[in-house]
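Trainee: I have a model open and want to go through its contacts and strands. Can we take it step by step?

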Amino acid sequence: FFDIQHPRLNQNALFGMGNPLLDISAVVDKDFLDKYGLKPNDQILAEEKHKALFDEIVKKSKVEYHAGGSTQNSVKIAQWMIQEPHKVATFFGCIGTDHFSEILKQKAAEAHVDAHYYEQSQEPTGTCAACITGDNRSLVANLAAANCYNKEKHLDVDSNWSLVEKARVYYIAGFFLTVSPESILKVAKHASDNNKIFGLNLSAPFISQFFKEPLMKVMPYVDIVFGNETEAATFAKEQGFETEDIAEIARRVQSLPKVNKNRQRIVVFTQGREDTVATVGDKVKIFPVLDIDQNDIVDTNGAGDAFVGGFLSELVQEKPLEECIRAGHYAANVIIRRVGCTFPEKPDFH
């Protein structure tokens with residue numbers, strides 16, 4: 001009887017692929033942001049002018065190092081929400097052969113994620129400077145090794161691809177579009193061909209602006225689109241939707257062309273402390289987030305990743321959309337009370 005209600009969770013049921021980064025997190029001031037031309041709340045790729053930023057941030061008094069990378073954060077949170085069995089979540093990405101790569105491997109193992117990294121020695125393990133001011137975070141990613149992911153040398157290898165085939169839910173952050181769009185397409189097509197669920201995150205305004213072509217190439221295979229209010233607005237602008245209404249944008253994204261007609265696309269847009277907006281069938285509904293005292297927010301780095309992680313933890317157990325969103329809100333609420341995308345030993349979600 002219970003088996004019918006709760007399909008047994010198999011190992012590797014949830015598959016994620018992305019940029020494994022080590023977050024270097026510190027509280028900074030407005031002068032620091034201005035010095036490097038950063039917006040308080042943004043995600044960008046590091047350029048030559050940011051090289052000194054990494055040298056400077058590690059010298060801050062209270063610098064912290066945490067395993068990061070958007071997709072890796074999300075699958076970790078999903079695994080944490082699920083607890084047992086271990087290794088429900090699989091993760092692929094590229095790292096170096098250095099001290100930082102050892103930390104990432106250790107942290108993935110501690111989180112009980114089945115991480116299979118492509119390891120190479122040309123480039124060091126990627127890092128992400130998280131510049132915290134109040135409840136804003138400005139992220140500057142130096143992809144390095146993460147940018148070296150190789151489809152032929154990793155994803156296509158039989159032992160790795162068999163793990164992809166084992167999954168029934170797939171999630172990739174849009175950030176990976178800058179690295180290996182061909183890997184994303186292969187996974188997305190597999191999901192679509194087998195009536196499985198493929199989720200993609202808009203991830204950052206620059207993805208919709210400068211990686212429009214690979215983004216729109218994968219969109220027909222996307223069953224669930226995630227994003228925040230800024231990313232939704234940027235996507236709408238780039239696509240010429242001519243509306244700034246978030247519910248209308250969600251509707252328009254839902255109705256973009258789709259290959260697998262058996263699944264209507266779901267669009268979920270978070271808005272920080274404001275209500276989450278999601279398409280439910282042909283309607284758009286709003287879901288209020290959990291209240292939190294401003295003073296309890298330590299930093300919002302990882303909040304969006306945590307929302308997706310909570311969402312995926314219920315989705316992989318075939319729970320209804322409302323439950324997925326409730327779990328997403330719970331996970332995000334936990335993560336913003338802590339530095340980076342870190343979590344207590346066990347969740348308290350019922």
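Mentor: Start with a rule: a salt bridge is a side-chain nitrogen of Lys or Arg within 4 Å of a carboxyl oxygen of Asp or Glu. Keep in mind that this is a predicted model. By that rule, the side chains of Arg-168 and Glu-318 form a salt bridge, with N to O at 3.8 Å.

Trainee: How many residues apart in sequence are the parts that Arg-168 and Glu-318 tie together?

Mentor: Arg-168 sits in the loop between α7 (158-166) and β9 (169-173). Glu-318 sits in the loop between α13 (303-315) and α14 (321-335). The pair therefore ties together parts whose separation in sequence is 150 residues.

Trainee: Is Glu-318 buried or exposed?

Mentor: Exposed means over 50% relative accessible area. Glu-318 has 54%. Its partner Arg-168 has 22% and counts as partly exposed. Glu-318 itself is exposed.

Trainee: What is the total count of salt bridges by this rule?

Mentor: Side chains of opposite charge can pair when their charged atoms come close. Applying the 4 Å rule, the count comes to 17 salt bridges.

Trainee: Which helix holds both Glu-102 and Lys-105?

Mentor: Their side chains meet in a salt bridge at 3.8 Å, N to O. The two residues are 3 apart, about one turn of the helix. Both lie in helix α5, residues 99-110.

Trainee: Which strand holds Glu-119, the salt-bridge partner of Lys-105?

Mentor: The side chains of Glu-119 and Lys-105 meet at 3.2 Å, N to O. Lys-105 lies in helix α5, so this pair ties together parts that are 14 residues apart in sequence. Glu-119 lies in strand β6, residues 114-119.

Trainee: What accessibility class do Glu-102, Lys-105 and Glu-119 fall into?

Mentor: Values from 20% to 50% fall between buried and exposed. Glu-102 has a relative accessible area of 45%. Lys-105 has 26%, and Glu-119 has 38%. Each of these three is partly exposed.

Trainee: Which residues are joined into one network by salt bridges that share partners?

Mentor: Arg-168, at 22% relative accessibility, is partly exposed. The network consists of Glu-102, Lys-105 and Glu-119.

Trainee: What is the handedness of the unit made by β5, α5 and β6?

Mentor: Strand β5 covers residues 89-95 and pairs with β6 in the parallel sense over 6 bridges. One bridge partner of Phe-91 in β6 is Ala-115. With α5, the two strands make a β-α-β unit, and that unit is right-handed.

Trainee: Is strand β10 buried or exposed?

Mentor: Ile-197, Gly-199 and Asn-201 are on one side, Phe-198 and Leu-200 on the other. Both faces are covered. Because 5 of the 5 residues of β10 (197-201) are buried, the strand is largely enclosed by the rest of the structure. β10 is buried.

Trainee: Which helix does the chain pass through from β9 to β10?

Mentor: β9 and β10 run parallel, joined by 5 bridges. Gly-199 is the bridge partner of Tyr-171 in β10. The β-α-β crossover between these strands is right-handed, and the chain passes through helix α8, residues 181-193.

Trainee: What is the bridge partner of Asn-201 in β11?

Mentor: β10 pairs with strand β11 (residues 224-228) in the parallel sense. The pairing runs over 3 bridges. In β11, Asn-201 has as its bridge partner Phe-226.

Trainee: Where does UniProt place the feature "active site"?

Mentor: The UniProt entry is unreviewed. The position lies in helix α13. The residue in that record is Asp-305.

Trainee: Which residue has a side chain joined to that of Asp-305 by a polar contact of 2.9 Å?

Mentor: At 13% relative accessibility, under the 20% cut-off, Asp-305 counts as buried. Leaving aside neighbours within four places in sequence, Asp-305 is in contact with Ser-70, Asn-73 and Ser-74. The side-chain polar contact of 2.9 Å is with Asn-73.

Trainee: Is His-154 buried or exposed?

Mentor: His-154 lies in helix α6, residues 151-155. Its contacts beyond four places in sequence include Phe-92, His-116 and Tyr-117. At 5% relative accessibility, His-154 counts as buried.

Conventions. Residues numbered from 1 in each chain as written. Predicted model: local features only at pLDDT ≥ 70, side-chain atom pairs only at ≥ 80, totals over all residues. Heavy atoms only, no water. Helix = DSSP H or I, 4+ residues; strand = E, 2+ residues; numbered from the N terminus. Buried < 20%, exposed > 50% of the residue type's maximum accessible area, 1.4 Å probe, protein only. UniProt positions renumbered as here; feature names shortened; annotations may be inferred. Contact = heavy atoms within 4.5 Å. Polar contact = N/O pair within 3.5 Å; in protein donor to acceptor, adjacent residues only side chain to side chain. Pairing = 2+ DSSP bridges. Right-handed = clockwise from strand over helix to strand, strands pointing away.
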